[in-house]
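Okay, thanks everyone for squeezing in. I'd like to walk you through one metal site today, so let me put it up on the screen.

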Amino acid sequence: MSDFGGAAKLVSEHPDYKIAVLGVPFDEKSSYLRGAAGGPAAIRRVSTGKCYCAWTELGVNLEEDTVLVDVGDVDTSGDPDKSLALIEKGVAGILDKGAAPIVLGGDHSITYPVLKAFARAFKPLEILHFDAHPDLYDDLYGDRLSHACPFARIVEDGLAAGIVQVGVRAVTAAHRAKALKSGVRMVEMKDIQDPLHLRFAHPVYISFDLDALDPAFAPGVAHHEPGGLSTRQALQVIQSLKGRIVGLDIVELNPPRDPAAITAAAAFKILKETAGRMVRPV
Ligand code: MN
Ligand code: MN
């Protein structure tokens, strides 16, 4: 297998894997445009070892210094409730082996079932959430499991000891108040002047909605929200954060909106640098 910069190994040959990529081709909770179900395939396609090497910028060789496997996709062919349950089960299976899941969405609704599995494995757990949107809607068009709601559910269920949202720039007054009340720290785009140096005392899970990036860097998302992070700014936050990263999701890649696959390449870059930080924490 030559995906992920040639780093991905076969599960059958490496049952003792350390990092597992899990695809979730699911976009039934998208509020505006479907298409995110094609995300996992697009990231696999663009990340071929024919184009990329397995070395991270910080000097980790993902082919030699860890065991990274691709465990394939969650079965999302059934009804949405069944798919969400299977996502939780798939992630729990990886965590039970003591490995770190990297989950490729899919729309952002998938993060709630992923975090249900994580909350059982890590207590306390902190979350670093990159997004243009706080995703704190109590419901959207009557759906409490919409991709606009995962962090409302995560807060409500007490799945995280702390949440830091980076890159937000489409915030309602109600959501700002809700964040304040629930202890969610918003690092809003308008306030980011200098490089961010974050520190997490507990294991940290990163949820990366690609619309956190400026549409100039990541056009392949459903909701274009100008004024976002550059790919470099996002990498700086990940590369410099102090803490132990135990999981990652990359969501909302919408391949029909990404004709040159530039957003898929950004997704892979984020995957790669985050995996490197999993292997070598600071
Ligand atoms: Mn989101
Ligand atoms: Mn978003």
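Let's start with a quick one: is Asp135 buried or exposed? Asp135 has a relative accessibility of 7%, so it counts as buried. Keep in mind that this is a predicted model.

So, what does Asp135 do here? Along with His108 through ND1, and Asp131 and Asp209 through OD atoms, Asp135 coordinates the manganese ion (ligand 1), also by OD, at 2.1 to 2.2 Å. If you like motifs, the donor spacing reads H-x22-D-x3-D-x73-D. The site ties together distant parts of the chain: Asp135 sits in the loop between E4 and H4, while Asp209 is in strand E7, 74 residues apart. Asp209 is buried too, because its relative accessibility is 2%.

Now to the neighbour. Asp131 bridges the manganese ion (ligand 1) and the manganese ion (ligand 2), and the two ions lie 3.3 Å apart.

For the manganese ion (ligand 2), the donors are Asp131 (OD), His133 (ND1), Asp209 (OD) and Asp211, which is listed with OD twice, at 2.1 to 2.5 Å. Here the spacing is D-x1-H-x75-D-x1-D. Again, distant stretches get linked: His133 comes from the loop between strand E4 (126-130) and helix H4 (150-156), and Asp211 from the loop between strand E7 (204-209) and helix H6 (231-240), 78 residues apart.

And how accessible are those two? His133 comes out at 17% relative accessibility, under the 20% cut-off, so we call it buried. Asp211 is buried as well, with a relative accessible area of 3%.

Technical notes. Residues numbered from 1 in each chain as written. Chains lettered and ligands numbered in written order. Predicted model: local features only at pLDDT ≥ 70, side-chain atom pairs only at ≥ 80, totals over all residues. Heavy atoms only, no water. Donors = N, O, S within 2.8 Å, 3.2 Å for Na, K, Ca; no water. Helix = DSSP H or I, 4+ residues; strand = E, 2+ residues; numbered from the N terminus. Buried < 20%, exposed > 50% of the residue type's maximum accessible area, 1.4 Å probe, protein only.
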